[in-house]
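User: Hi! I'd like to go through this structure and ask what justifies each label. Could you walk me through the reasoning?

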Amino acid sequence: DVSTASAEAVSTASAVSVVDLRGDGGGALDAGVDLAKLFLRRGQTIAVLQDQRSTRTIVADADGPFARSPENLVILVDDRTASAAELFAGALQDNRRATLVAPPPGHTFGKAKIQ
């Protein structure tokens with residue numbers, strides 16, 4: 001839950017930022033990628049895109065301005081968080097840059113498709 005995740009984040013750093021993506025239907029892939037780049041270090045994976053013919057990995061091409069911030073991030077998501085918002089949240093979680101908190105059923109929209 002939010003209070004537990006926030007307490008864990010506060011115990012390990014001096015500041016916590018909360019990003020609320022609940023109900024965010026997302027948007028264009030590029031927007032999610034650009035937002036993730038702000039918080040990730042050079043070479044960290046943002047997304048792996050796969051279709052029937054190929055696989056493409058998108059990585060941060062430079063350290064983002066907030067990549068080395070000691071601030072902990074908590075991202076609130078729900079089953080309506082989708083598309084670019086979902087990509088952003090997943091990239092930060094996968095790179096251990098943020099903790100995701102979701103109410104039951106405990107997941108995002110999860111189409112696994114970029115439109």
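User: Is D78 buried or exposed, and what makes it so?

Analyst: Happy to help, and please keep in mind that this is a predicted model. D78 has a relative accessibility of 7%. The cut-off for buried is under 20%, so D78 counts as buried.

User: D78 and R80 are said to meet in a salt bridge; what makes it one?

Analyst: Their side chains come to 3.2 Å, N to O. A salt bridge asks for a Lys or Arg side-chain nitrogen within 4 Å of an Asp or Glu carboxyl oxygen, and the pair D78 and R80 fulfils that. On accessibility, R80 has 52%; exposed means over 50%, so R80 is exposed, whereas D78 is buried.

User: How many salt bridges are there in the whole structure?

Analyst: A search finds 4. Besides the pair D78 and R80, they include D20 with R22, whose closest N and O atoms are 2.6 Å apart. That value also lies within the 4 Å limit.

User: Why are D20 and R22 called partly exposed?

Analyst: Partly exposed is the range between the buried limit of 20% and the exposed limit of 50%. D20 is at 42% relative accessibility and R22 at 45%, so each of them gets that label.

User: What about K37 and D61: what makes that pair a salt bridge?

Analyst: The N to O value for K37 and D61 is 3.8 Å, again within 4 Å, so the pair qualifies. K37 belongs to helix α2, while D61 sits in the loop between β3 and β4, so the salt bridge ties together parts that are 24 residues apart in sequence. K37, at 24% relative accessibility, counts as partly exposed. D61 reaches 51%, and with the exposed cut-off at over 50%, D61 is labelled exposed.

User: Which residues does D61 contact beyond its neighbours within four places in sequence?

Analyst: D61 is in contact with K37 and R42. There is also a C-alpha separation of 8.3 Å between D61 and Q44, which are 17 residues apart along the chain.

User: Where is P70, and why is P70 called exposed?

Analyst: P70 is in the loop between β3 and β4. Its relative accessible area is 65%, and over 50% means exposed, so the label follows. The C-alpha atoms of P70 and A15 are separated by 7.7 Å, although these residues are 55 positions apart along the chain.

User: What makes β1, β4 and β5 an open sheet, and which strands stand at the edges?

Analyst: The 3 strands are ordered β1-β4-β5 with parallel pairing. β1 (16-20) and β5 (98-101) are the edges: each has a single partner strand, so one side of each is left without a neighbour in the sheet. From one strand to the next, the twist averages 25°.

User: How do you know that β4 and β5 pair?

Analyst: Pairing requires at least two bridges. β4 (residues 72-76) and β5 have 4, in the parallel sense, so they count as paired. One of the bridges joins L76 to V101 in β5.

User: And in which sense do β2 and β3 run, and how many bridges join them?

Analyst: They run antiparallel, joined by 5 bridges, so the requirement of at least two is met here as well. A47 has I58 in β3 as its bridge partner. β2 and β3 form a hairpin with 4 residues between them.

User: Which residues make the nonpolar surface patch?

Analyst: L35, L38 and F66 make it, with about 230 Å². L38 lies in the loop between α2 (29-37) and β2 (45-50) and is partly exposed, with a relative accessible area of 30%.

User: Finally, what does the protein chain contain as a whole?

Analyst: The chain has 3 helices and 5 strands, running α-β-α-β-β-β-α-β from the N terminus. Of its 115 residues, 34% are buried. The chain exposes about 7,000 Å², with carbon and sulfur atoms supplying 49% of it.

Key. Residues are numbered from 1 along each chain as its sequence is written. This is a predicted model: local features need pLDDT of at least 70, side-chain atom pairs count only at pLDDT 80 or more; totals for chains, interfaces and linings use all residues. Side-chain values use heavy atoms; hydrogens and water are left out. Axes are lines fitted to C-alpha atoms, for helices over the stretch in contact, and angles run from 0 to 180 degrees between N-to-C directions. Patches are made of residues with over 30% relative accessible area and no salt bridge: like charges are joined within 9 Å, nonpolar side chains (Val, Leu, Ile, Met, Phe, Trp, Tyr) within 5 Å. Accessible areas come from the Shrake-Rupley method with a 1.4 Å probe; for residues, only the protein chains shown count as cover. Buried means under 20% relative accessible area, exposed over 50%, partly exposed in between (1.4 Å probe, protein chains only). Contact means heavy atoms within 4.5 Å.
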